[in-house]
Amino acid sequence: MDLKTSHNSPVFVDPLPSLALPMTYTTPTSFPPSGLYLNTPKKKPLPSKIEEVRAAGWLDLMLASSPPRKRQSKDFLPHDVQADDLDLRYRNWMVNYPSALGSFEAITELARGKKLALFLDYDGTLSPIVDNPANAVMSDEMRAAVRHVASLFPTAIISGRSRDKVFDFVKLTELYYAGSHGMDIMGPIRKSESNGHHVECVRSTDSEGKEVNLFQPASEFLPMIAEVFENLSESIKDIEGARMEDNKFCVSVHYRNVAPHDYETVHQRVTAVLKDYPCLRLTHGRKVLEVRPVIDWNKGKAVEFLLESLGLSESDDVLPIYVGDDKTDEDAFKVLKANNHGFGILVSSVPKDSDAFYSLRDPSEVMEFLRTLAAWKEGSS
Ligand SMILES: O=P(O)(O)OC[C@H]1O[C@H](O[C@H]2O[C@H](CO)[C@@H](O)[C@H](O)[C@H]2O)[C@H](O)[C@@H](O)[C@@H]1O
């Protein structure tokens with residue numbers, strides 16, 4: 001297939017929130033072959049316990065909306081009012097997205113007698129968002145918490161970064177890794193024959209010499225991604241603060257350090273380059289534009305793929321949990337919600353619409369959640 005000149009894909013327009021500009025997306029082509037797609041049957045609804053959690057959120061809200069202590073007029077500053085207002089909006093939002101820590105008991109009820117499988121995003125979930133992507137290191141405490149849960153439950157990290165890069169940050173061999181938004185998965189050798197239709201899988205060995213399965217559904221796009229990386233780098237090089245990142249099967253154009261009056265220029269330059277690449281599409285993350293192949297593959301598909309590889313996809317006694325903070329994590333939240341198989345936890349300190357069920361404020365709460373989960377598992381076995 002001539003990827004660069006194929007104009008078969010219809011184009012639709014999606015709003016680009018923070019740039020307030022139209023963004024072009026191309027719909028997926030039929031690549032990879034349809035045999036790749038997993039056929040996950042609909043599951044029965046989650047137990048009603050989960051509805052009780054939503055109801056309990058109202059209690060939090062009612063407690064939070066109790067009148068604060070009366071202030072003296074001299075210390076009643078406008079920024080206090082704003083902070084209170086934001087806090088109240090966040091607590092309102094938590095009625096629909098209860099805290100996974102506050103609802104931990106309900107979660108353990110759901111998990112009782114089930115095998116948990118954990119899927120974790122990296123940036124903004126295991127490491128705080130920082131200005132320079134190269135500095136997004138994970139704390140030793142977080143690493144210890146991840147190592148601990150991974151010793152108790154099958155655990156995978158699914159990141160937009162390249163698999164190698166995320167492994168360099170995490171440095172744990174106890175888990176599975178999916179880089180480039182799930183387009184580069186190093187997973188277990190399959191337990192069942194049912195997923196033998198993933199022909200693109202190749203046997204490989206990990207850094208410890210252990211036999212693993214390597215699944216790279218977009219490998220055909222590698223030369224194109226390398227080329228577009230060069231072209232984009234050239235095109236944005238004079239925009240102060242703009243930064244390129246090579247994520248192997250995807251390319252990131254960061255604008256976190258760009259002055260807002262140059263956002264439009266960043267977008268224009270990127271879309272101008274992409275006009276020559278109809279087989280690539282543009283998505284938008286946290287102050288980042290991401291260029292990736294149009295294949296129908298995302299973090300949600302990666303979750304399904306890993307569950308299947310682990311032999312955990314068709315079973316009612318499995319509870320997959322996905323923790324993530326960004327738009328691309330929504331694909332995974334959606335899959336769990338649609339299949340009624342597990343749930344998502346959105347990491348956010350501001351109210352956001354999401355297909356996740358629970359929420360956590362920031363990576364420090366994620367760490368606490370992981371520790372609590374490990375302690376519960378050890379206490380219950
Ligand atoms: O799927 P993820 O693991 O969350 O990766 C998504 C992108 O994360 C990184 O960018 C984000 O974090 C940076 C470091 O905190 C921040 O500077 C940037 O503004 C954020 O967008 C990563 O650098 C990207 O390549 C990933 O695609």
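The exercises below work through a predicted model, taking its sheet, its ligand, a hairpin and some loop residues in turn.

Residues are numbered from 1 along each chain as its sequence is written. In this predicted model local features need pLDDT of at least 70, side-chain atom pairs count only at pLDDT 80 or more, and totals for chains, interfaces and linings use all residues, while side-chain values use heavy atoms and leave out hydrogens and water.

**Exercise 1. The sheet**

Find the order of the strands in the open sheet of nine strands, and name its edge strands.

Solution. Begin with the terms: helices (H or I, at least four residues) and strands (E, at least two) are DSSP runs numbered from the N terminus, and two strands pair if DSSP finds at least two bridges between them. Reading across the open sheet then gives the order S7-S8-S6-S5-S4-S3-S13-S14-S15, with mixed pairing. The edge strands are S7 (202-205) and S15 (358-360), each of which pairs on one side only. At one edge, S7 and S8 (residues 211-215) are antiparallel and share four bridges, and here Ser-204 has Val-212 in S8 as its bridge partner.

Next, look at a helix that packs on the sheet. Helix H10 (residues 363-380) touches S3, S13, S14 (343-347) and S15, and its direction makes about 160 degrees with that of S3. For such values, axes are lines fitted to C-alpha atoms, for helices over the stretch in contact (heavy atoms within 4.5 Å), and angles run from 0 to 180 degrees between N-to-C directions.

**Exercise 2. The ligand**

Which residues are closest to the ligand, and how much of the ligand does the protein bury?

Solution. Count a residue as near if one of its heavy atoms lies within 4 Å of the molecule; 21 residues then surround the ligand, and the closest are Val-130, Glu-245, Arg-256, Arg-286 and Glu-290. Now turn to polar contacts, which are pairs of N or O atoms within 3.5 Å. A ligand oxygen is 2.5 Å from a polar backbone atom of Val-130, whereas side-chain N or O atoms lie 2.7 Å from a ligand oxygen in the case of Asp-121 and 2.8 Å in the case of Asn-247. Finally, the ligand taken alone exposes 570 Å², of which the protein buries 99%, with areas from the Shrake-Rupley method and a 1.4 Å probe.

**Exercise 3. An enclosed strand**

Why is strand S11 (residues 280-285) described as largely enclosed by the rest of the structure?

Solution. Buried means under 20% relative accessible area, exposed over 50%, and partly exposed in between (1.4 Å probe, protein chains only). Six of the six residues of S11 are buried, so the strand is largely enclosed by the rest of the structure. Checking each face, we find Leu-280, Leu-282 and His-284 buried on one side, and Arg-281, Thr-283 and Gly-285 buried on the other. The strand runs antiparallel to S12 (residues 288-293), to which six bridges join it, and Leu-282 stands opposite Val-291. Two residues lie between the strands of this hairpin, in which Lys-287 takes a positive phi near 50 degrees.

**Exercise 4. Residues in loops**

Decide whether Ser-180, Asn-340 and Asn-96 are buried or partly exposed.

Solution. Ser-180, in the loop between S5 and S6, counts as buried at 0% relative accessibility, and Asn-340, in the loop between H9 (327-338) and S14, counts as buried at 19%. Each has a positive phi although neither is a glycine: about 50 degrees for Ser-180 and near 50 degrees for Asn-340. Asn-96, between H2 (78-93) and H3 (104-111), is partly exposed at 43%.

Methods
Polar contact = N/O pair within 3.5 Å; in protein donor to acceptor, adjacent residues only side chain to side chain.
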